[in-house]
Amino acid sequence: MSDLKNVTDASFDEDVLKSGKPVLVDFWAEWCGPCRQVAPILEEIAAEHGEQLEIVKLNTDENPATSQKYGITGIPAMNVYVNGEVVKSIVGAYPKPRLVKELSDFIG
């Protein structure tokens with residue numbers, strides 16, 4: 001379904017928190033329609049700005065510990081992590097121009 005890397009509760013620390021560059025985590029689930037709408041947009045952003053911002057996916061149904069730890073109660077939700085800290089949260093499905101604007105601090 002996606003070319004983006006899938007992270008799990010087990011790999012989250014290594015893949016996200018210890019990353020040397022900003023990482024956007026897309027919290028999603030199979031049953032979430034808006035999540036499926038956002039996925040191709042995130043793939044486009046990753047293809048265009050992958051050197052500056054890594055984009056990964058975390059299935060909230062399969063990885064409840066991480067979702068709970070970061071207070072994810074509604075999806076789609078996206079958190080940007082820098083040096084292990086959440087520096088931006090975006091909740092909801094937005095068109096590409098809005099997402100690019102929201103992420104301008106990281107892909108500018």
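Modeller: Before we start, one term: a contact means heavy atoms within 4.5 Å. Also, this is a predicted model.

Colleague: Good. What does L53 touch, leaving out residues up to four places away in sequence?

Modeller: L53 touches P22, V23, L24, V80, L103, F106 and I107.

Colleague: Is there another core apart from the one with L53, and how many residues does each hold?

Modeller: The largest nonpolar core has 16 residues. L53 is among the members that touch the most others, along with L24, L42, I55, L99 and L103. Three elements give two or more residues to this core: α2 (33-49), β4 (77-82) and α5 (104-107). The largest share comes from α2, with 5 residues. Apart from this core lies another, of 12 residues. V7, V23, V56 and L58 are among its members.

Colleague: Let's step back. How many helices and strands are there?

Modeller: The protein has 5 helices and 5 strands.

Colleague: And which pattern do they follow along the sequence?

Modeller: The pattern reads β-α-β-α-β-α-β-β-α-α.

Colleague: What about the radius of gyration?

Modeller: The protein has 12 Å. A compact globule with 108 residues would have a radius near 13 Å, so the two agree. The C-alpha trace spans about 30 × 30 × 25 Å along its principal axes.

Colleague: How many of the residues count as buried?

Modeller: Of the 108 residues, 44% count as buried.

Colleague: And what share of the contacts comes from residues 24 or more positions apart?

Modeller: Those residues account for 71%, counting contacts with a separation of 6 or more.

Colleague: On to the surface. What area is exposed?

Modeller: About 5,600 Å². Carbon and sulfur atoms supply 49% of that area.

Colleague: And the charges: how many are positive and how many negative?

Modeller: There are 10 positive and 17 negative charges. Their mean positions are 5 Å apart.

Colleague: Now the backbone. Where is the cis peptide bond?

Modeller: The cis bond joins I75 and P76, with omega about 5°. P76 is found in the loop between α3 (64-69) and β4.

Colleague: Which residue has a positive phi although it is not a glycine?

Modeller: N83, with a phi of about 55°. N83 lies in the loop between β4 and β5 (85-91).

Colleague: Is N83 buried or exposed?

Modeller: N83 is exposed. Its relative accessible area is 67%, and exposed means over 50%.

Note on methods: Residues numbered from 1 in each chain as written. Predicted model: local features only at pLDDT ≥ 70, side-chain atom pairs only at ≥ 80, totals over all residues. Heavy atoms only, no water. Helix = DSSP H or I, 4+ residues; strand = E, 2+ residues; numbered from the N terminus. Rg over C-alpha atoms; globule rule 2.2 N^0.38 Å. Buried < 20%, exposed > 50% of the residue type's maximum accessible area, 1.4 Å probe, protein only. Areas by Shrake-Rupley, 256 points an atom, 1.4 Å probe, with all protein chains shown as cover. Lys, Arg positive; Asp, Glu negative; His and termini not counted. Charge placed at Lys NZ, Arg CZ, Asp CG, Glu CD. Core = buried A, V, L, I, M, F, W, Y, C linked by side-chain atoms within 4.5 Å.
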